[in-house]
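Work through these short exercises with the model in view. Try each task before you read its solution.

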Amino acid sequence: MKNLFTLKDLSVLDIQEILDEALEFKKGQKFTDLQGKKVVNLFFENSTRTHYSFIAAEQNLGMVDTNFNAASSSVKKGESLYDTVKTFESLGFDAMVIRHPQNNYFKQLDNINVPIMNGGDGTGNHPTQSLLDLLTIYEEFGKFEGLKVTIVGDIRHSRVAHTNIDIMQRLGMEVFISGPEEFNDGSGTYIEFDKAIKEMDVIMLLRVQYERHGYEIQLSKEEYLKNYGLTMDKVDIMKPHAIIMHPAPFNRKTEIDDDVVECKKSRIFKQMTNGVYVRMAVLKRAFSNE
Ligand code: CP
């Protein structure tokens with residue numbers, strides 16, 4: 001059994017193996033060993049892509065999926081995360097996918113004896129999002145070494161940024177951050193957005209996570225779009241081969257203009273498609289003993 005809590009636990013070779021497996025699933029590889037295995041998806045935070053692409057991955061593998069509803073559960077009576085997870089283990093579930101607002105929530109789950117896949121913890125880790133981002137980049141360029149990426153926007157509140165900065169550097173990419181100073185948490189080398197647009201192979205935009213701020217940000221949506229948002233006039237000065245990524249959901253007309261979302265350079269919906277294959281690979285790995 002193999003948990004997937006954070007990509008920090010995986011070597012570069014482990015990452016490459018997951019991506020290779022995901023590519024095999026994308027080519028149509030069949031895998032029947034997990035048929036009938038019971039998996040419960042416990043999302044304590046809202047999600048569309050991660051939750052439903054895990055469901056698609058589980059169904060593609062013939063697994064039996066159950067979806068936990070925290071709002072109608074005994075969490076509302078004060079039951080702890082550990083006791084909730086231990087309950088699902090006791091009920092005979094074979095695996096769990098968990099998203100939770102607490103950073104590193106998984107550190108309290110060492111005593112659980114079924115594989116757990118992290119669907120995102122607070123502002124900490126989002127391993128399967130990074131894996132699908134990496135798959136999308138690998139499909140585009142056939143390599144990681146030497147590629148230049150700038151992650152733009154609400155770095156401070158982004159588990160996607162925090163996960164990607166670390167793993168992309170380990171894979172030999174040159175990683176920069178950009179965006180408003182109030183979102184710069186020092187987790188990467190800062191580059192001016194106008195310079196990044198001209199020089200990068202990948203521009204990765206982030207959602208402004210208003211719900212995590214607890215305060216009013218300094219820029220209006222119009223100011224944000226003008227200064228740090230991607231508009232078609234900026235897309236036009238990107239390198240010919242460069243691509244645009246965003247984990248989504250996106251704030252249209254804030255970090256990304258309407259006509260950029262599905263422009264020729266955008267890989268945003270391809271990222272979502274790749275999420276299903278990456279999650280199939282992660283589920284297969286969870287039950288592997290190698
Ligand atoms: N990218 C991502 O994690 O989206 P969801 O919050 O919809 O799962």
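The exercises below deal with a predicted model, starting with its ligand and moving on to single residues.

**Exercise 1. Describe the surroundings of the ligand.**

Solution.
- Step 1: Find the site. The ligand sits in the largest pocket.
- Step 2: List the neighbours. They are S47, T48, R49, T50, R99, H126, Q129, P247 and A248.
- Step 3: Sort them by class. The shell holds 5 polar, 2 charged and 2 nonpolar residues.

**Exercise 2. Find polar atoms of the protein that lie within 3.5 Å of polar ligand atoms.**

Solution.
- Step 1: Take R99. An N or O atom in the R99 side chain is 2.9 Å from an oxygen atom of the ligand.
- Step 2: Take Q129. One of its polar side-chain atoms lies 3.0 Å from a ligand nitrogen.
- Step 3: Take A248. Here a backbone N or O atom is 2.9 Å from a nitrogen atom of the ligand.
- Step 4: Check the cover. On its own, the ligand has 250 Å² of accessible area, and the protein covers 91% of that.

**Exercise 3. Decide whether A248 is buried or exposed, then examine its backbone.**

Solution.
- Step 1: Apply the cut-off. A248 has a relative accessible area of 14%. Buried means under 20%, so A248 is buried.
- Step 2: Locate the residue. A248 belongs to the loop between strand 9 and helix 10.
- Step 3: Read phi. The value is near 65 degrees, which is positive, and A248 is not glycine. Most residues other than glycine have a negative phi.
- Step 4: Look at the next peptide bond. From A248 to P249 the bond is cis, with omega near 0 degrees. Most peptide bonds are trans.
- Step 5: Place P249. This residue is in the loop between strand 9 (243-245) and helix 10 (268-286).

**Exercise 4. Classify N104 by exposure and give the sign of its phi.**

Solution.
- Step 1: Locate N104. The loop between strand 3 (95-100) and strand 4 (116-121) contains this residue.
- Step 2: Use the cut-offs. The relative accessibility of N104 is 30%. Partly exposed covers the range between 20% and 50%, so N104 is partly exposed.
- Step 3: Read phi. For N104 the angle is near 55 degrees, a positive value in a residue other than glycine.

**Exercise 5. Place I203 in the fold.**

Solution.
- Step 1: Find the element. I203 is part of strand 8 (residues 202-205).
- Step 2: Judge exposure. Its relative accessible area is 0%, so I203 is buried.
- Step 3: Compare with E262. The two residues are 59 residues apart along the chain, and 14 Å separates their C-alpha atoms.

Notes. Residues numbered from 1 in each chain as written. Predicted model: local features only at pLDDT ≥ 70, side-chain atom pairs only at ≥ 80, totals over all residues. Heavy atoms only, no water. Near = heavy atom within 4 Å. Polar contact = N/O pair within 3.5 Å; in protein donor to acceptor, adjacent residues only side chain to side chain. Areas by Shrake-Rupley, 256 points an atom, 1.4 Å probe, with all protein chains shown as cover. 1 Å grid on protein atoms, 1.4 Å probe; cavity = no way out; pocket = protein on both sides within 12 Å on 5 of 7 lines; lining within 4 Å. Sits in = over half its atoms within 2 Å of the grid points. Nonpolar A, V, L, I, M, F, W, Y, C, P; charged D, E, K, R; others polar. Helix = DSSP H or I, 4+ residues; strand = E, 2+ residues; numbered from the N terminus. Buried < 20%, exposed > 50% of the residue type's maximum accessible area, 1.4 Å probe, protein only.
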